[in-house]
Amino acid sequence: SARVSLGYNLPLAGFLSSGKDQTVLSHKFGAHIEGPVDSIKTKVILPEGSRNVELHSPYTVDSEATDVHKTYLDTTGRPVIAFEKTNMATEHKAKFAVHYNFSRLSMLQEPLLLMAGFFSIFLFFIVINRHELRITKNSQEKAKTA
């Protein structure tokens with residue numbers, strides 16, 4: 001008995017279909033593993049802003065959990081759906097589907113966040129340079145008062 005961990009990213013062209021409201025990601029259980037498997041755990045990390053995440057499996061899974069995965073520039077985090085199936089054989093490699101709603105406008109969240117951050121930094125330095133922050137009087141004002 002060996003424990004194997006396999007992780008990879010997918011080009012979405014063959015696995016993702018999207019309509020007006022709903023996006024569907026479909027893939028096979030244990031696609032790269034041949035032969036019987038004691039337990040297979042699958043994690044799907046969806047884009048930030050995904051809502052109403054549902055798993056549709058051709059057979060019942062033993063456990064299903066949801067979580068949030070945070071990376072750089074994420075504000076709310078990316079939804080993760082993890083599910084596990086035990087006692088799988090090669091014949092069980094049917095497709096599962098993850099249905100979720102995703103707004104195209106949420107892709108603008110990170111660039112707008114960066115632009116607002118840089119704008120506020122520049123605005124801060126502009127305001128600081130416009131104000132007089134000296135504690136002592138100018139030399140001309142000293143001459144007038146003397």
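Colleague: In which sense do S5 and strand S6 pair, parallel or antiparallel, and over how many bridges?

Modeller: Some background first: strands of a sheet pair through backbone hydrogen bonds, either parallel or antiparallel. Here S5 and strand S6 (residues 78-88) pair in the antiparallel sense, over 7 bridges. Two strands count as paired if DSSP finds at least two bridges between them. At one spot Val68 stands opposite Pro79 in S6.

Before we go on, this is a predicted model, where local features need pLDDT of at least 70, side-chain atom pairs count only at pLDDT 80 or more, and totals for chains, interfaces and linings use all residues. Residues are numbered from 1 along each chain as its sequence is written, and side-chain values use heavy atoms, with hydrogens and water left out.

Colleague: In what order do the 3 strands of the open sheet come?

Modeller: The order is S3-S6-S5, with antiparallel pairing. Strand S3 (37-45) and strand S5 (63-69) are the edge strands, each pairing on one side only. From one strand to the next, the twist averages 20°; axes are lines fitted to C-alpha atoms, for helices over the stretch in contact, and angles run from 0 to 180 degrees between N-to-C directions.

Colleague: How many helices and strands does the protein have?

Modeller: There are 2 helices and 7 strands. Both kinds are DSSP runs numbered from the N terminus: helices are H or I, at least four residues, and strands are E, at least two. Reading from the N terminus, the elements go β-β-β-β-β-β-β-α-α.

Colleague: And what about empty space: what is the volume of the largest pocket?

Modeller: The idea is simple: rolling a probe the size of a water molecule over the atoms shows where empty space is left. The largest pocket has a volume of about 1,600 Å³. On a 1 Å grid over the protein atoms alone, a pocket is an open set of points with protein on both sides within 12 Å along at least five of seven lines, while a cavity is a set where a 1.4 Å probe fits but cannot get out; lining residues have an atom within 4 Å of a point. Grid points are joined across faces, edges and corners, and a volume is the space filled by probe spheres set on the points.

Colleague: Which element gives the most to the lining of that pocket?

Modeller: S3 does, with 9 residues. The lining has 40 residues, and Leu6, Gly7, Lys41, Thr42 and Lys43 lie nearest the centre.

Colleague: How much space lies in the largest cavity?

Modeller: About 40 Å³. Its lining includes Phe29, Ile33 and Lys93.
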